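Reader: Could we go through this model together? I would like to begin with the ligand site.

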Amino acid sequence: MAKQWKKYLLWFAQEHIDFRIAEIESLISLFKIEMRYAHKPQLEPYWIVEFSSEGDAKLLTTRSVSLRNCVELWGHETSTAALHTNLREKCEMFAPYFNPNKTFKIEVETFGRHFTQKEKVDKLETFDYLPIKGNVKLTDPDLCLQYIEYYGTRASCPPLLPYEVFFGRCVAYGLRQLMKKLSLKTRKFIGNTSMDPQLSLLMANQAKVKNGDIILDPFVGSGSLLVAAAEFGAYVYGSDIDYLMLHGKTKPSRIRQEKRAKDESIRANMKQYNLEHKYLDVLIHDFATIFWKDCMEFDAIITDPPYGIRESTEKIGTEKDSFTVSEEHLSTHYPAKIEYGIPSIYRDLIIFSAKHLKIGGRLVCWFPLLREDYNEKALPSHPCLKLLANGEQVLSKVTSRRLLTFEKTRHPVKEELNLDNIAIQDFREKYFEIREETRKERRLKEAATRKENWEKYARSKNSVEGR
Ligand SMILES: C[S@@+](CC[C@H](N)C(=O)[O-])C[C@H]1O[C@@H](n2cnc3c(N)ncnc32)[C@H](O)[C@@H]1O
C-alpha cells in the first residue's frame, strides 16, 4: 500500500536557532524517521513537514529540545477568514476526534504580537462552529487543538493582521519540561562553567545518544553533559585534570553559598535525577596523557574543552630541562603544570576521537573563536571525521563558539594518529590581545571625556566669575 503522507507543523522555541536543523536531522537519522520538507526551513519558528506515520512525528518531537510541539495541520492560511471557511468545509473529516466521551481544549498562541487573555479567549470563541462534543479539560485533555497566529519576527513593529494562521491537532510536545527538571538552579553540584540543560540535551541529541551507549566527556567539569547523555539512556564516563572539581572541593559557584556541601559530586547529581545506574565513573586525568587502552571505543564523545578564559588550560609538565623527582619526594610530589594551548587541546581531541570512536560514532564539541576569524578552514578537522554540523552561538560582539558535530567514517591508519599539520587558531591569545586593545581604547575614551567635562566646568566657572 502506498504511504499516506500528512502535513504537520513543527513549532519551535525561538532560541538557539542555528542548531535547529542539526538537531532535527540528527534525530531523523537516529530513529530512521522519514520526513519530507513541505518548504525549505527559514528563520521562522515553524516548519511545515510531512510524515507518513504519526509515530514518527511523536518520536521526533518527544526527543527534541528545539521543538515546543508538533501539530497535525488541519488548516493553514494567510488570513483568519480563509482559515475559518476552509475549516467549516472540512469539519466532517475531523469528526472521529469529536467524541462525547473525550475531553478537549483549544490553545491559542500568537507569535510576534502580544494579546491579553481576554483577546485570546475571543479568538478561541471564533471556532465555536466545530462540532466538538466532549467536556473541556485544561490539563492533559484527550484532544488538544491549537490555533496559532504568526505576526513575523519583528516584534517592535508587528503588522495589524497575522501573516500566517494555523490550526490543528497537537500530537506531541518537545523536551521543554525536562529542561526545567534538570535546571542548574536546583542541581546539587554545579561549577562556574556548568553547561545549561538545554545546550547539554541538544549536544546529546546531535551525538545521537541512545539507550545503552557508552559516552565520554574528557573535560567533564561538573558533569552536565553526562547528565544529559544519561537521561537518554547512555552509560557515562568523564575525566578532568581538576582534582578539587571532581571531589566537589572548589569554591562554591552559587553567590549565596559559602561552603560546598560535603556530598557535592557528579555522582550526587546522577542520584538526584535517578540516573546513578548510568554512571560508570569519573577519573582525574590529564587529557594530554594517554590513559585509555587502544582498543577502548566510545559511541560518542561529548565535550566542552577549556577556552582559557574562565578556567585555565593546563597540562602536566615542566619548563625545566631534565627534571626528575627524588625518591624521597616521589610519594608527596604534586606534578607541575604548563600551558595546554587551544591548538594542542583540539588537535589531541580530534586525534583521540578518530582513534576511540566507533565507526559512525560522533564527536560533539564546542570550539571558541573570534567571529572575524571564522571560516570553515579555521575549524579542527581529521581525515577520518566528517563535519556534519557547525552552528554558532554568539558570546559577545567579537567572540562566539561553534557547536561542531563530527562523525567517524573509518579507522585511522598509523600516520593519521600523529598529525602535526592540523592548523588550529589560538583563540585565547587573540582574545586577550583584543581585550587589552578594547580596555586601552576605553581608558583613552574615559580620559578624553573627563578632560572634556573638566574643560566645560572650567569655562562655565570662568564665565560666572567674569560677570
Ligand atoms: C569548560 S569546562 C567543562 C565544563 C563542563 N562541561 C560542565 O558542565 O561542568 C572545561 C574543563 O576542562 C578541564 N581541563 C582543563 N585542562 C584539562 C586537561 N589537561 N585535561 C583534562 N581536563 C582539563 C577543566 O578543569 C574544566 O573542568
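Author: The ligand site comes up first, followed by the domains. This is a predicted model, in which local features need pLDDT of at least 70, side-chain atom pairs count only at pLDDT 80 or more, and totals for chains, interfaces and linings use all residues. Residues are numbered from 1 along each chain as its sequence is written, and side-chain values use heavy atoms, with hydrogens and water left out.

Reader: Which residues come nearest to the ligand?

Author: S222, S224, D240, F287 and E314 do, out of 23 residues around the ligand (a heavy atom within 4 Å).

Reader: And which polar contacts does the ligand make?

Author: Counting N or O pairs within 3.5 Å, a polar side-chain atom of S222 is 2.7 Å from a ligand oxygen. A ligand nitrogen lies 2.9 Å from a side-chain N or O atom of D286, and a polar backbone atom of I241 is 3.2 Å from a ligand nitrogen.

Reader: What is the make-up of the shell by class?

Author: The shell has nine nonpolar, eight polar and six charged residues; Gly counts as polar here.

Reader: Changing topic, how is the chain divided?

Author: An automatic or database assignment gives domain 1 (6–174) and domain 2 (181–319 + 333–430). Their C-alpha centres are 36 Å apart.

Reader: How many residues are in contact between them?

Author: With heavy atoms within 4.5 Å as the criterion, 14 residues of domain 1 contact 18 of domain 2.

How values were computed. A polar contact is a pair of N or O atoms within 3.5 Å; within protein, one must be able to donate a hydrogen and the other to accept it, and residues adjacent in sequence count only if both atoms are side-chain atoms.
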